[in-house]
Amino acid sequence: MTDFYRAISDPVRRHILNLVAHQEQTQSQLVRQFTISQPAVKKHLAILLDEGLIQERREGRYCYYRLNRSVYQQQYERLKEELGLLLEDKLSNLKQWLEEESEDGSNL
């Protein structure tokens with residue numbers, strides 16, 4: 001299972017994901033989109049590759065990167081579910097607290 005949180009935690013990686021989601025890109029094309037160095041972009045690509053969120057295709061001396069849509073969609077759905085459960089739990093706790101406060105206030 002990928003660590004989607006790690007992969008999307010950095011704004012550079014989120015921007016790379018956005019770029020390769022719209023069009024396959026070479027590393028050189030990606031580097032031109034940022035003010036960071038080529039080795040830094042390469043490290044971000046390595047993380048995205050390790051997490052399975054992008055795919056690499058070699059053609060001659062060039063590597064082309066594209067979004068791995070199935071893995072991305074799966075992880076996105078998992079993220080929505082986890083956030084939904086977290087929010088549901090927080091709202092439940094808030095409701096319980098408000099009800100307790102209301103009961104305490106009515107006893108005065």
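Start with the sheet: select strands S1, S2 and S3, and you'll see three strands in an open sheet, ordered S1-S3-S2, with antiparallel pairing. S1 and S2 sit at the edges with a single partner strand each, so one side of each has no neighbour in the sheet. Keep in mind that you're looking at a predicted model.

**Across the sheet**

Colour S1 (residues 25–26) and S3 (residues 62–67) first. These two pair in the antiparallel sense over two bridges. Show Gln-25 as sticks, then find its bridge partner in S3, which is Tyr-65.

Now add S2 (residues 54–59). S2 and S3 also run antiparallel, and six bridges hold the pairing. Which residue stands opposite Tyr-65 here? Click on Glu-56 and you have it. So Tyr-65 is a handy landmark: Gln-25 is its bridge partner, and Glu-56 stands opposite it.

Follow the chain from S2 round into S3. The hairpin has two residues between the strands, and Gly-60 there takes a positive phi near 65°.

**Salt bridges, starting at the sheet**

Stay on S2 and select Arg-57 together with Glu-24. Their side chains meet in a salt bridge, 2.6 Å from N to O. Arg-57 is in strand S2 while Glu-24 is in the loop between H2 and S1, so the pair ties together parts 33 residues apart in sequence. How covered are they? Arg-57 is partly exposed, at 28% relative accessible area, and Glu-24 is partly exposed too, at 26%.

Next, go to Arg-6 and Glu-51. This is another salt bridge, with the closest N and O atoms 2.6 Å apart. Arg-6 belongs to helix H1 (residues 4–8), and Glu-51 to the loop between helix H4 (38–50) and S2, so this pair ties together parts that are 45 residues apart in sequence. Is Glu-51 buried or exposed? It's buried, with a relative accessible area of 9%, whereas Arg-6 is partly exposed at 36%.

For a pair within one helix, select Lys-80 and Glu-77. The closest N and O atoms of this salt bridge are 3.6 Å apart. Both residues lie in helix H5, three residues apart, or about one turn of the helix. Lys-80 is partly exposed, with 42% relative accessible area, and Glu-77 is partly exposed with 35%.

Before leaving the charged pairs, select Glu-24, Arg-57, Glu-59 and Arg-66 together. Salt bridges with shared partners join these four into one network. The count for the model comes to seven salt bridges.

**Helix H2**

Move to H2 (residues 11–22). Try the distance tool on the C-alpha atoms at its two ends: they are 17 Å apart. Why does that fit? At 1.5 Å a residue, the 12 residues of H2 should span 16 Å, which agrees.

At the N-terminal end, show the side chain of Asp-10. Asp-10 caps the helix, with a side-chain oxygen 2.7 Å from the backbone nitrogen of Val-12. Val-12 is itself one of the buried residues of H2. To see the rest of that set, select Arg-13, Ile-16, Leu-17, Leu-19, Val-20 and Ala-21 as well. Arg-13 is worth a click, as an arginine listed among the buried residues.

**Last stop: a nonpolar patch**

Turn on the surface and highlight Leu-91, Leu-94, Trp-97 and Leu-98. Together they make a nonpolar surface patch of about 420 Å². Which helix holds Trp-97? It's H5 (residues 69–106), the helix that also carries Lys-80 and Glu-77. Trp-97 is partly exposed, with a relative accessible area of 45%.

Key. Residues are numbered from 1 along each chain as its sequence is written. This is a predicted model: local features need pLDDT of at least 70, side-chain atom pairs count only at pLDDT 80 or more; totals for chains, interfaces and linings use all residues. Side-chain values use heavy atoms; hydrogens and water are left out. Patches are made of residues with over 30% relative accessible area and no salt bridge: like charges are joined within 9 Å, nonpolar side chains (Val, Leu, Ile, Met, Phe, Trp, Tyr) within 5 Å. Accessible areas come from the Shrake-Rupley method with a 1.4 Å probe; for residues, only the protein chains shown count as cover. Helices (H or I, at least four residues) and strands (E, at least two) are DSSP runs, numbered from the N terminus. Buried means under 20% relative accessible area, exposed over 50%, partly exposed in between (1.4 Å probe, protein chains only). The expected span of a helix is 1.5 Å times one less than its number of residues. A polar contact is a pair of N or O atoms within 3.5 Å; within protein, one must be able to donate a hydrogen and the other to accept it, and residues adjacent in sequence count only if both atoms are side-chain atoms. Two strands pair if DSSP finds at least two bridges between them.
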